[in-house]
Amino acid sequence: MAAKPASEKTALEKSKAESQKADVERKLNELAKSLSEKEARQEEAHQALKKADQAISDANKRLRTLSAERRGVENRLAQLRRDGRRVESELGETERKIGQISRAQYLQMRRPAWQSWINGVSPGERTLETALLGYLQVAQVRAADDLEKQQADIRQVADETRTRSNELTRIQRDEEKSRTDLLAEKKERQEAASSLKREIADTQAELDKLRKDQARLGSLVATIDARLEKERAAEAAAARRAEEEAAKKAQRPAKVTPAPSGTAFAKLKGRLVDCRCDSGQQRNGTHPRGNRKTACRRVEQTHGSSQK
């Protein structure tokens, strides 16, 4: 069985290398697409983190504002409580004075005029004392009315302030919960971004490795291709030389092997003429078809002469 040409083996080697290179390029395209998608997701994650940071910053500002407002409301409530206690004390003192004046008026009304005269109080002085008690009573009643009004206002403002304080407490609680949720969401996004960053680094490393493989296989294919061209050129040259050699052999006359001496075949030497009667061509020469017998006879005579 004839051996396969070297170029055929090299062609198979080239086909295998090209197949490996095509597989590497396919993986490169897939990884490049995957890397592009991951980088897009990474950019989205960065934007989301920025938004989360801004949302947390806004929440912190709102919480600081709410805390300051709550402190102001609490201070206002404390002041209202102090004002309420003060007004309540003043109102109690005013009511006590009103009671004292009312008792003095009552006693003066029940005291007979003669008794006042005996006590050295003139009718004019008694009249003046009665008028003074009436003025004091009116003044204290007005003061009590004002204090009651202040007390009512304080209570109203205190109720409104407590309502606002409760509302601020609820808002602050919601804001703190929202801030906690934002911090948890930010942490999750940071972990996802870190994981995505590692994936991108791994993909990039794999891409670099595949690019090196692509370059190596490309160089290998080029080397094999150059070797294949040389082998095919050498095989073509060898084929041409073989054809030329075969053509030369076809044109070269055949050698006649001499018969061994002393044999029956040797006794016939000179009598047997290797010729081609049809074409008239003798292997040792050519002669016209009409001169065949003359030529053969000359050969026999020559042979006979040599034997003599």
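## Exercises on a helical chain

The chain exposes about 22900 Å², and carbon and sulfur atoms supply 52% of that area. Keep in mind as you work that this is a predicted model.

**Exercise 1. List the order of helices and strands along the chain, starting at the N terminus.**

Solution. Begin with the inventory: the chain holds five helices and three strands. Next, walk along from the N terminus, and the elements read α-α-α-α-β-β-β-α. To place two of the helices, note that α1 covers residues 6-110 and that α3 covers residues 123-251.

**Exercise 2. Describe burial and contact range for the whole chain.**

Solution. Take burial to begin with: 21% of the 308 residues count as buried. Now turn to contacts between residues at least 6 apart in sequence; 85% of these join residues at least 24 apart.

**Exercise 3. Decide whether glutamine 42 is buried or exposed, and find its contacts.**

Solution. Locate the residue: glutamine 42 sits in helix α1. Its relative accessibility is 18%, and the cut-off for buried is under 20%. Glutamine 42 therefore counts as buried. Finally, leave out residues up to four places away in sequence; glutamine 42 then touches Leu196, Lys197 and Ile200.

**Exercise 4. Compare the sequence and space separations of glutamate 74 and arginine 162.**

Solution. Glutamate 74 belongs to helix α1. Along the sequence, glutamate 74 and arginine 162 are 88 residues apart. In space, their C-alpha atoms are 8.3 Å apart. As for exposure, glutamate 74 has 32% relative accessibility, so it counts as partly exposed.

**Exercise 5. Work out which residues form the negative surface patch and which helix gives the most to it.**

Solution. Collect the members: Glu95, Asp145, Asp146 and Glu148. Then assign them to elements; helix α3 gives the most, with three residues. Aspartate 146 lies in this helix, α3. At 46% relative accessibility, aspartate 146 falls between the limits of 20% and 50%, so aspartate 146 counts as partly exposed.

**Exercise 6. Find the residues of the nonpolar surface patch and their accessible area together.**

Solution. The patch is made of Leu132, Tyr135 and Leu136. Together they have about 310 Å² of accessible area. Pick one member to check: leucine 136 is part of helix α3. Its relative accessibility is 33%, and leucine 136 therefore counts as partly exposed.

Definitions and conventions: Residues numbered from 1 in each chain as written. Predicted model: local features only at pLDDT ≥ 70, side-chain atom pairs only at ≥ 80, totals over all residues. Heavy atoms only, no water. Helix = DSSP H or I, 4+ residues; strand = E, 2+ residues; numbered from the N terminus. Buried < 20%, exposed > 50% of the residue type's maximum accessible area, 1.4 Å probe, protein only. Contact = heavy atoms within 4.5 Å. Patch = residues over 30% accessible without salt bridge, like charges linked within 9 Å, V, L, I, M, F, W, Y side chains within 5 Å. Areas by Shrake-Rupley, 256 points an atom, 1.4 Å probe, with all protein chains shown as cover. Salt bridge = Lys/Arg side-chain N within 4 Å of Asp/Glu carboxyl O. Lys, Arg positive; Asp, Glu negative; His and termini not counted. Charge placed at Lys NZ, Arg CZ, Asp CG, Glu CD.
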